[in-house]
Amino acid sequence: MDTIYPSLVHIVGEGYASFRREELFTYSKDLGTSEPKWPDYVAAPKTAEQVAEILKLANREKVPVVPLGGGMSLAGLALPLKGGIALDLKRMDRIIEVNEKGRYAVVEAGVSHGKLTAYLHNQHPHLMHSEPGAPPAATIGGNLAIHGQGDLAHPYGFNTDMINGMEIVLPTGEICKFGSCAVGAGWFTLHPLPDVGLFLGWNGATGIITKVSLRLFPYKKFREMEIFVVEDENLIPEILYELTHLGLTEDLVAFSSAIPPFSDRLHHVSINVTGDSEAEIELKRRLIFEVKLAKYIESGVGGIAAVSQAIQRPQVSKSADWKKGGGFEYVGSIMPVSAYPECYRRGAEISTRHHIPYTILGRVIGCGHAMMFSWSYAFNRADEKTVRHAREALHETDNIVMDLGGVIWKPAVFGQELLLAKMDVNTLSLMKKIKLLLDPNNIMNPGNWEVD
Amino acid sequence: MALAEYQYNDVIHRCFRCGYCKFPTDWSDVTNCPAYARFRLESYSAGGRLWLIRAWVNGELEWSEHLADIVYSCAACKNCVEKCPLSFNEDIVNMVTAAKNEMVEMGLVPRGVKKFLNNVQLHGNPYGISAGRRTGWMEGKSYPAYQGQEFLYYVGCEGSFDTRAQSAARALGDVLTNSGVSFGVLGEKEVTDGNEVDLLGEDALFESVAEKNIRQFKKAGVNKIITLSPHSYNAMKNSYPRFHGDFEVFHYTQILADLIKKKRVRGVSGPDEEEKITFHDPCFLGRWNQEYNAPRNILKSLPGLTLVEMPRNKKGAACCGGGNFYTDLLGGSEESPARIRAREAAATGAGILAVACPNCLTMLEDAVKVEGLENRIKVRDIAEILV
Amino acid sequence: MFKLQFDESKCFSCDTNDCLTQCQYMDIDPGTAETEIRKIINGEDSFVLHDCATCYACEEYCRRGNHPFYLIVQRQEELNILPLPDPLVKRGVQMGIPFRGEPEISEIKGTALNLGVFSNLSRFTQGRLFENLTLMSTDSRKMFHYFCQLMYLHFGRISVINDRLGKIIRTIAAHKVDEVVHFHDECYGTYTSYAPAFGIDVPFKSIHLFEYLYNRLLELKSDIRPLNLKVAYQRPCSSRLSPDKYPYVDKIFDLIGVEHVPREYVGKKALCCGGTILGQKRKGSRRLALELQEKNIDDMKKAGAEVCVFNCPACVDTLGQKVAQNGLMPLFMSDLCRLAIGEKAS
């Protein structure tokens, strides 16, 4: 008789575990093009202790465990490739502490980005965190497990650069803390203790993030978006260089798409500008347009497409519905900013070949140190042919990323294999040792970052 | 087995499952879908449900009682409709109802639903109580029978049979009487409004109920209707015109707000001490019919009461789960929507939780009791507060 | 191919050259004006082509019924002297491409109301003022099928207007309308000024919104309660194409009891909202636009205006928030009229 299900019920409580197909179905499907992969169970724990109990159970039973937050990776990263327990962490949704003066928040990993933003807006209106472009139901923990970035990526880097401390449940069930919280101090810094951080970007393959202290940043009252446009994609890297040198903006994103027609074969740069007063904003606008970008305007190769627009959250689900098909998936990559023109050209070519209107975007990370460049491919969920086209386009794009000297971000298994094949052998060997050390029974999200 | 006839075959795949539908207007949490708040497994979210329905319609998943429970766990609160950013959002609840239509057609509905529908068919009410006892709510009061007065006061099934809701029905009868409103009631002749029958997917029964009511109203010369329940209001206002039932339909809060404005509501006294009151928006008054102001205007006009809002209000209000009270699919847990809402109401510091719907009244009063909050907050229908 | 019907002889015999000497954005004396207009007529380069703010006003300044502005734009295109940077031109031209299917055409009995490309503004056409009109299209996905295209005068793209306008006219005509009230000056100017100037046939009669509103208010006169407000009017560039309808502004204001405050930048001297100037490639354009806006709003304030009345949605986009920040209430003319008959603004 199956003892796992009753054990899960015992751990998480009646109703929060299931082995029924009706529940498993949803967890077998990713929002992107991945083929379904069925879990055998789903459980929704409420505490780190429950997570630990489940991992101990899984080790005893040698059952895979696949953690997920919002399930929004689109790359099938939370699909149970080898069955097992889908661990839905969204019940771990407490905002535990916000330290206003220390500018950090301690939250459980299942807190959604939307919830944290709303909470800060209401309770701490001078603070914000870096919210990713994903729908607001994406979770803090999920985003960190894949090295996400958000709308403060330009000034402050990856979201995983904004961590002051973490609580992790190791694959073997021990609950560990990292950062100042590990020595009983507050959750205000990750440094200067010895670095044992082996969990970010692993898609949960080395442990489950259950708590995190996230850095918060000043939220300025006056906020707007300016849009600059050029036709020549080769200008984008230098424009971003100028703007990152100025260093006075928040989010910096360059994008182009075939639909709507106005943006076709044009490159828009959205520039988020904030300030505590209109005067501060105007000073920034002046420095942007009259100092840094004036030469492009006056020579007629660049133009101010819009000023003082409300900053709006991207609604990615709308991208999914351009063709009334309810689906899209993208290849994300971490690229040098200088690769923008080639990324655009190669992406537009792939899209055209697969009969998909092209959509590309590059978000600046740090002071122009890199960008997250994405190629999106919409498909019609009800039309297998379009799904196939999108899938093929995604694979071709993964190859382009490698060709262009970039790194695939949150790669699906296909992309992971490309990366592992190219990886330095010593690094590969270290990854293998780490994985074996932390997860001796290989129960954690097997199939992801799997080093043979 | 695929269901070629399913009405939304060309749309249902467009749900991306992005999860906007889980949030209230202020984005405060992912728990504004009552079924998802209760179960916290993806299958119970609006998107999960649509994906499941699509899988069933396509033959990817077989029907099961559990599947039917998940489909019927939708409380039809329309939060998803409010929050979904896509152009098909208006049809989300319709897609669920259409799946229920198919299940009804095939005789594959949860037991509670079957019982509900049978009772309506046999007795004209979901409680299975004989129509002869429909006047029990009046408890010795002698509200006039409808004989061509300006308004028909349509009490509805909860107000007629549920002991707690009966008190609200009487209170409204008294307020209307005291305010000099010309009204009459149908008494034993009243039958269910059919709102839930429609949403449970039994469209043939709904049609017959609606036509029966319309015939009766027309025969009696009814032009204007006041309903106690927003559910009745919704059915009569939005669905009856499909069957040529074109009446002027009002929820009682709309009538009373107007009467208060005209200073025609008499004898209303406030509490001895200044008291805070909060208001729970019924889904069928709020999101279904965009009436957010009338009940608030009444409450704001009352002496000694200060209206404090719950964080989730108006378009973003959390549903009490009453939209499918008949199945009890959302009960039995401290995360039952009514209990969550009761805690939210108590957290405002209000001494009174005002409601404007007999379903909400019974749901929330029970929840307050189970939560042990009776000493902190009382649940009152607005009509009761006015008496 | 449509051709601008421009009578050069009128210019050669003109002794005032008002088209250029009255320009508010270039300081041109009569002698220079004469030289430059000849250059423009002859298809030669002129600083006017480079520095033109594209405010349309010279169409009104010309007392001889010629079309100096259309000529300037035509020459800008021919000589590739575009006031806006190239990518903005391309973006603008692509913006008008319909991409979401064909509109559903229904036959309209009586007078139609055309929102042009602004179908998202249908909320401004509610209430008794508009109850006699039938909206031509409220589907924002189809709005580019009703886009009058005249915006491309700012882009140096006469050719785009001439390429596309015929189809737009056919779409409107397909509704079998005899009379069309245009919500925006720009559409009215397209069908009553631009089209005749280029010999484009328009098979329906156009009615200016203000003329319509005035007549409708007369019908509702007994319901008008004087608003007793002091208002300034932000005259849009496209109003220069129908100066004969401009008097309706004051006629409406008088009828609804508002005072049109006397100020410097009014009537012929009205200032551009700055929306177009801001993006032009001439050095300092953004600063110039800001200065114009400041000058304009200061002028309204100095004159004691409480409300800034708009006709053009683009002016509202550019100036609406700024006037509000300066304590003036931004209102569409139609909304102001609604207030006067006891309705709420949209």
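# A walk through three chains

Start with chain C: select its domain 1 and domain 2, whose C-alpha centres lie 29 Å apart. Keep in mind that you are looking at a predicted model. To colour the chain by domain, use 8-78 for domain 1, 98-212 for domain 2 and 214-340 for domain 3, as the domain assignment gives them. Now show the contact between the two domains you began with: eight residues of domain 1 of chain C meet seven residues of domain 2 of chain C. On the domain 1 side, those residues divide into three nonpolar, four polar and one charged.

**Between the chains**

Zoom out to view the chains together. Which two chains share the most contacts? Of the two pairs that touch, chains A and B do. Chain B and chain C, by contrast, do not touch, and their nearest C-alpha atoms are 11 Å apart.

Next, select the contact of chain A with chain C, where 20 residues of chain A meet 17 residues of chain C. On the chain A side, strand E12 (222-230), helix H8 (278-292), helix H9 (294-298) and strand E15 (302-309) each supply at least two residues. The largest share, five residues, comes from E15(A). Colour this side of chain A by class and you will find 13 nonpolar, three polar and four charged residues.

From chain C, add helix H7 (residues 86-95) to the view: this helix lies across E12 and E15 of chain A, and runs at about 65° to E15(A).

**The eight-stranded sheet of chain A**

Stay with E15(A) and bring up the sheet around it. Eight strands of chain A form an open sheet with antiparallel pairing, in the order E15-E12-E14-E13-E17-E18-E16-E19. E15 and strand E19 (407-409) of chain A each have a single partner strand, so they stand at the edges with one side lacking a neighbour in the sheet. Look along the sheet to see its twist, which averages 25° from one strand to the next.

Now move to the E19 edge. Strand E16 (residues 326-335) of chain A runs antiparallel to E19(A), and three bridges join them. To find the register here, select A:Ser333, which stands opposite A:Ile408 in E19(A).

**A covered strand in chain A**

The next stop is strand E8 (residues 163-169) of chain A. Are its residues buried or exposed? Seven of the seven residues of E8(A) are buried.

Show the strands that pair with E8(A). Strand E10 (residues 208-215) of chain A pairs with E8(A) in the antiparallel sense over six bridges, and A:Ile163 stands opposite A:Leu214 in E10(A). Strand E9 (residues 175-179) of chain A also runs antiparallel to E8(A), joined by five bridges. Here A:Val169 has A:Ile175 in E9(A) as its bridge partner. Follow the chain round the hairpin of E8(A) and E9(A), where five residues lie between the strands, and pick out A:Gly173: its phi is positive, near 100°.

**A helix in chain B**

Finish in chain B with helix H14 (residues 337-347). Which of its residues are buried? Select B:Pro337, B:Ala338, B:Arg339, B:Ile340, B:Arg341, B:Ala342 and B:Ala345. Then show what covers the buried residues of H14(B), including helix H1 (34-39), strand E5 (275-279), strand E7 (352-355) and helix H15 (358-370) of chain B. As a last pick, go to B:Gly349, which follows H14(B) and has a positive phi near 85°.

Technical notes
Residues numbered from 1 in each chain as written. Chains lettered and ligands numbered in written order. Predicted model: local features only at pLDDT ≥ 70, side-chain atom pairs only at ≥ 80, totals over all residues. Helix = DSSP H or I, 4+ residues; strand = E, 2+ residues; numbered from the N terminus. Nonpolar A, V, L, I, M, F, W, Y, C, P; charged D, E, K, R; others polar. Buried ≥ 20, exposed ≤ 12 C-beta atoms within 10 Å, placed from the backbone. Pairing = 2+ DSSP bridges. Axes fitted to C-alpha atoms, helices over the stretch in contact; angles between N-to-C directions. Domains from an automatic or database assignment.
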